[in-house]
Amino acid sequence: MLSPSARVFLGYWLALLLPPLIIWLSSASLFPLIELNGVVAQLAFAITMTGTRPWGLLTTVVVLTLACCLLPATKRGKLLSCVLIAVALNVVLSHLLKALFAEPRPYVEYLAQAGLLDLTQFYAFDRQGRLAILQQLQPAVLPLQLAPDILRHWQAETGYAFPSGHTLFSCSLSLSCSLCLLPHNRWLPLLLLLWAWLVGLSRLLLGMHWSQDILASAVLAGVLVMVSYIVTLRWLGKE
């Protein structure tokens, strides 16, 4: 029998999964849906940067500071431990799965379909080789106009798509904090839920991931957070 806190957390996790699940089931393609040199694209880029270095560190500090202020002092160690373990597992799992599935990013497939690069050849190069290929593409020959920040983001993220590291990070931080906070506070978990949704959406709009990447990453994040929480309870105790 699940405890009330566990049921609330499960509901929160399911709510986190709902938007990417709807997008995946509808087979909707969100790239290239918006103008990537417009205001919406710049907003999406700003949101996506909250889930990666260097701004991801600032996001983590701000979120953990707020969470610790809302938690009793005796619960703060569990929160920090849970977040630390979950993020460490995310990094390891993300690298392993990207190498295993070797799924091309949507923007790379888009450029390949436009005849601007060879998909197989592109991924045969190392990171520097992929960067060199993208740097050779002049803005005038691109099939869509890109804001300079977004073009640099494409050039910086030339690895494989699955899973989404940004989504793993945002969902793990959101779920870890919420698992500890839900018995004490509701407004911060709701804000973190919205943030995690927006990070996943931004990855789709910018052509960095497919809908299944976002959905699977949100599922994985929930599993990793539960594992992290169980390890934390065994390490620090239940009280």
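Over the ring of which residue does the charged end of Arg-130 sit?

**Figure 1. The charged end of Arg-130 and the ring of Tyr-160.** In this predicted model, it is Tyr-160 whose ring lies beneath the charged end of Arg-130, with 5.4 Å separating that charged end from the ring centre.

**Figure 2. The whole protein, built from helices.** The secondary structure amounts to 11 helices and zero strands, and the order of elements from the N terminus is accordingly written α-α-α-α-α-α-α-α-α-α-α. The radius of gyration is 19 Å, close to the 18 Å that the globule rule gives for 239 residues, so the protein is as compact as a globular protein of that length. The C-alpha trace spans about 60 × 35 × 35 Å along its principal axes. Among contacts with a separation of 6 or more, 82% are made by residues 24 or more positions apart. Of the 239 residues, 48% are buried, while the surface that the protein exposes comes to about 12,000 Å², with carbon and sulfur atoms supplying 69% of it.

**Figure 3. The aromatic pair of Phe-31 and Tyr-110.** A search of the whole structure finds seven aromatic pairs, and one of them joins Phe-31 to Tyr-110, whose ring centres are 5.3 Å apart and whose planes meet at 70°, so that the pair is edge-to-face. Because Phe-31 lies in the loop between helix 1 (4-26) and helix 2 (39-49), whereas Tyr-110 belongs to helix 5 (residues 106-113), the pair ties together parts that are 79 residues apart in sequence. Phe-31 is buried, with a relative accessible area of 10%, whereas Tyr-110, with a relative accessible area of 22%, is partly exposed.

**Figure 4. The aromatic pair of Phe-31 and Trp-154.** The ring of Phe-31 also pairs with that of Trp-154, and here the centres are 6.1 Å apart with the planes at 70°, so this pair, too, is edge-to-face. Distant parts of the chain are linked by the pair, since Phe-31 is in the loop between helix 1 and helix 2 and Trp-154 is in helix 8 (residues 148-156), the two being 123 residues apart. Trp-154 has a relative accessibility of 2% and therefore counts as buried, the limit being under 20%.

**Figure 5. One aromatic cluster around these pairs.** Phe-31, Tyr-110 and Trp-154 are joined by Tyr-107 in one aromatic cluster. Within this cluster, Phe-31 is the residue from the loop between helix 1 and helix 2, while Tyr-110 comes from helix 5 and Trp-154 from helix 8.

Notes. Residues are numbered from 1 along each chain as its sequence is written. This is a predicted model: local features need pLDDT of at least 70, side-chain atom pairs count only at pLDDT 80 or more; totals for chains, interfaces and linings use all residues. Side-chain values use heavy atoms; hydrogens and water are left out. Rings of Phe, Tyr and Trp (its six-membered ring) pair if their centres lie within 6.5 Å; planes under 30 degrees apart count as stacked, over 60 as edge-to-face and the rest as tilted. Helices (H or I, at least four residues) and strands (E, at least two) are DSSP runs, numbered from the N terminus. Buried means under 20% relative accessible area, exposed over 50%, partly exposed in between (1.4 Å probe, protein chains only). A charge sits over a ring if NZ of Lys or CZ of Arg is within 6 Å of the ring centre and within 35 degrees of the ring normal. The radius of gyration is taken over C-alpha atoms; the globule rule is 2.2 Å times the number of residues to the power 0.38. Contact means heavy atoms within 4.5 Å. Accessible areas come from the Shrake-Rupley method with a 1.4 Å probe; for residues, only the protein chains shown count as cover.
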